[in-house]
Amino acid sequence: MPGERLSVRSTREVGRFPGAAPPVRVELTIQKQEEKKQEGGCRQWFRKTCLCCCKRQNSNTYDLTDKVEFVKPPAPEPTKPKPENGDAKEMGGKKLLVSSVDLLSSKTGLNRQEHHTDLYQGDELIIRRGQTFQIEMELDRPFNAEDDNLHLELKTGPLPLVSKGTHVIIRLVDHLEDERWEAKIVEQSGNKIKLSVNSPATAVIGLYGLTVTTSTSKDEAATIHDPNKNITLLFNPWCEEDAVFLDNEEELKEYVLNDTGRIYYGTEKQIGARTWNFGQFNEGILEACLFILEKSDMPPSGRGDPVNVVRVISAMINAQDDFGVLVGNWSGNYSDGVPPSAWSSSVEILRKYHSSNGTPVSYGQCWVFSGITTTVLRCLGIPSRSVTNFQSAHDTDVSLTTDVYFDENMEPIHYLNSDSVWNFHVWNDCWMARADLPPGFGGWQAVDSTPQETSQGTFCCGPASLNAIRSGQVYLKNDTPFVFAEVNSDKIFWQRNLDGTFSQIHSEKKAVGHCISTKAVGSEKRADITHLYKHKEDSEEERIAVETASRYGSKPEVYGAAKAEDVSVEVRMEGEGPTMGADAHLSIVVKNLSSQPRRTTLHSQVAVMYYTGVLKDTIRKEQTPVDLLPNEEKTIEWMLPYQQYQNQLVDQAALMLTLSGRVNETQQVLAHQTTFRLRTPDLNVTPLGDAFVGKEMAAKITFTNPLPRTLMGVIFRVEGLGLQEGHEVPVGDVGGHSTVTLTEHFTPTLSGPRKLVASLDCKQLTQVHGVADIVVLEQ
């Protein structure tokens, strides 16, 4: 009830902050703008907490002021382990030795289950980076934190180096933090300790050897214990900080955990399907995949970047120039090997390659190369799928067209007709962020292990961004022009003139890139993903992509240059940009720099984007005709309604607006991309009174929900070094446009300039925080 106080003891805080300052007192006030309509979210939370003294009022009109006092009990003194013989001083002087190490690596244990590695055969420790795991140790005596030192060391590769991330020293800390190697003792019983170990989401993947180093404060020499146990570290698509993070549980089950699939073949009008056993969890397959990485020339320090790993895998799956896994053969004569069509599994091929110490296996064609690539990438933790393109072009001269040459009598010139169109071709998509590319080009990447053309001197292809392929931005690496030509090149017919030159006589715009197919998520059906590789055939967007790409090919004159480039387009935003909870407004400015009128149609689409540059979903498309008078500048007001993005946003609330068009009079192509975010409100943190060491003071924290809907389960986190320990304040539900006022009481322990930092924890609204500068004086 208003004016009544309630003392709440949070059991989660007990023992979390040893040596904490005096108890923290918090006062919470919630004010709702439209209190006549409904009961406020925080009122509901308080009433649930204390039903006996807070009953619902019958009246629809009320003023609400709740004060909740949180009393944090002093942390108990840590219990020091008792020495077996003699006093603590004598125990501290005794050398500390490791008797045994248990990696808790059973398939049925928490480590393997929590890391989604319980499907791998064997009982070795297989974990994913960016996620904690536990190990247990038995020592020859109880561990004494005051006198004993202990750290772990992990080494991978032939020459482990700390500077390269291949020699890792893991020290004990009091509190685990993200994005670093560290360990914490979480349990201690007699001579046994249990460690929780954390790894960064950028760690080098592979097989690590483990040692444990111990010493006491009086020892000059440390003791190294080698348990003769290894740890395998994989990519982690379940970890938000990992570049291969995939935010869809059903797709994770399909593209990482599913060990069987479907690969499509035939023609676009007669699509066939065969079941393929990827078998990434079968016995010996993980070892074979790691062996492939070892056989490559990539240094172990490069195995932390999935772009590098995927590119190396695409080279190593074929045996063309590096004694890779599989020999390609399209001759029809397979007498000294296995015919490509006889394979139905990656398992036997990978086992043969590994057991023979790297002797290439015979024979394979595109679907076999793709099936093995899917196996290896999924095994290493990179989401992957096999993809079939029907009427797949093979551009041999980087013209970004499929060229057919005739002589003066319209007879084919065979020695010039090196470009070809395959009935079908199978490659792979893999999922990752692309920090090496501009924002918006992460997500699905094409990678092809079939040896067709060399890339930078090696038979490999990719990873090439599907978004770059779709928009014709073939200047972005890796091998984007080649994949673009496979799915969206025009077939150009040329005739030789009497003087030996060639003239373009015909073109086919729909010759290649049909029915691009992969297995559907969670079913045996075929999913058509052509729209991810190219815009709708003959649409203006598709034509713009083709002509944009051709500018970077060996025949840029095929489509002719624009007569003039005198129209510009840009996007402007007012002030600091759109705010969360309201319609997003931007201005599109189109300028005509010529003395003639210009006409175009602007195609716009806006997509949700992760902070890593990966696009999630397109949430709006539209077309806008634009007529410009000579030398006219026209501003188009663009608006994205709140209702269209309210349930679509991800962390950071980022969006990408893409504009494209063609000027009718000059054929100039217009293209522009703008990334923006929906700004969230700050927490307003205001100190109350002067600050002195040892004297209680207060600060007021105010937050207004910017959304027209209720925020569920809001929690405030407050911390200030030298002011008070970090802690959580559960607020509960906060109604639409409601204001929450929180009063923090604390006693500064250190003088000088200090910062009180507050943040809001809520799934529906992220990146809300605030800070107050406080100068603490000595009394």
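Helices (H or I, at least four residues) and strands (E, at least two) are runs assigned by DSSP and numbered from the N terminus, and the legends below use these names for a model that is predicted.

**View 1. A negative patch on the surface includes E241.** The residues D178, E179, E240, E241 and D247 form a negative surface patch. One of them, E241, is found in the loop that runs between strand β13 (230-234) and helix α4 (249-257). With a relative accessible area of 40%, E241 is partly exposed, since residues count as buried under 20%, as exposed over 50% and as partly exposed in between.

**View 2. Helix α5 is largely enclosed by the rest of the structure.** Of the 11 residues of helix α5 (residues 285-295), eight are buried, and the helix is therefore largely enclosed by what surrounds it in the structure. The buried residues are I285, L286, A288, C289, L290, F291, I292 and L293. These buried residues of α5 pack against the strands β5 (125-128), β11 (206-216) and β13, and also against the helices α6 (306-316), α7 (347-355) and α8 (366-380).

**View 3. I205 is a buried loop residue with contacts elsewhere in the chain.** I205 lies in the loop between β10 (192-198) and β11, and its relative accessible area of 0% places it among the buried residues. Leaving aside residues up to four places away in sequence, I205 touches R129, L233, L234, F235, L293, R303 and L380. Of these contacts, L293 is also one of the buried residues of α5 shown in the previous view. I205 and P306 are 101 residues apart in sequence, while their C-alpha atoms are 9.6 Å apart in space.

**View 4. A salt bridge joins E250 and K253 in helix α4.** The side chains of E250 and K253 meet in a salt bridge, with a distance of 3.5 Å from N to O. Because the two residues are three residues apart in helix α4, about one helical turn separates them. E250, at 45% relative accessibility, counts as partly exposed, and K253, at 43%, likewise counts as partly exposed. In the whole model the count comes to 27 salt bridges.

**View 5. K534 and E537 form a salt bridge between a buried and a partly exposed residue.** The closest N and O atoms of K534 and E537 are 2.6 Å apart, and the two residues form a salt bridge. K534 is buried, with a relative accessible area of 3%, whereas E537, at 23% relative accessibility, counts as partly exposed.

**View 6. R679 and E576 form a salt bridge that links distant parts of the chain.** The closest N and O atoms of this pair, R679 and E576, are 3.2 Å apart. The pair brings together residues that are 103 residues apart, with R679 in the loop between β33 (669-677) and β34 (684-688), and E576 in the loop between β27 (567-572) and β28 (584-592). R679 is partly exposed, with a relative accessible area of 22%, while E576 is exposed, with a relative accessible area of 60%. Elsewhere, salt bridges that share partners join R434, D436 and K477 into one network.

**View 7. Two cis peptide bonds lead into loop residues P463 and N478.** Most peptide bonds are trans. The peptide bond from G462 to P463, however, is cis, with omega near 0°, and P463 lies in the loop between β21 (443-447) and β22 (464-465). A cis peptide bond also joins K477 and N478, where omega is about 0°. N478 lies in the loop between α9 (466-471) and α10 (480-488), and its partner in the cis bond, K477, belongs to the salt-bridge network with R434 and D436.

**View 8. N631 and Q667 have positive phi values.** Most residues other than glycine have a negative phi. N631, which is not a glycine, has a positive phi near 60°, and it is found in the loop between β30 (615-628) and β31 (633-640). N631 is exposed, with a relative accessible area of 54%. Q667, although it is not a glycine either, has a positive phi of about 65°, and this residue is found in the loop between β32 (654-662) and β33. Q667 is partly exposed, with a relative accessible area of 37%.

Terms used. Residues are numbered from 1 along each chain as its sequence is written. This is a predicted model: local features need pLDDT of at least 70, side-chain atom pairs count only at pLDDT 80 or more; totals for chains, interfaces and linings use all residues. Side-chain values use heavy atoms; hydrogens and water are left out. Patches are made of residues with over 30% relative accessible area and no salt bridge: like charges are joined within 9 Å, nonpolar side chains (Val, Leu, Ile, Met, Phe, Trp, Tyr) within 5 Å. Accessible areas come from the Shrake-Rupley method with a 1.4 Å probe; for residues, only the protein chains shown count as cover. A salt bridge is a side-chain nitrogen of Lys or Arg within 4 Å of a carboxyl oxygen of Asp or Glu. Lys and Arg count as positive and Asp and Glu as negative; His and the chain ends are not counted. The place of a charge is taken as NZ of Lys, CZ of Arg, CG of Asp or CD of Glu. Buried means under 20% relative accessible area, exposed over 50%, partly exposed in between (1.4 Å probe, protein chains only). Contact means heavy atoms within 4.5 Å.
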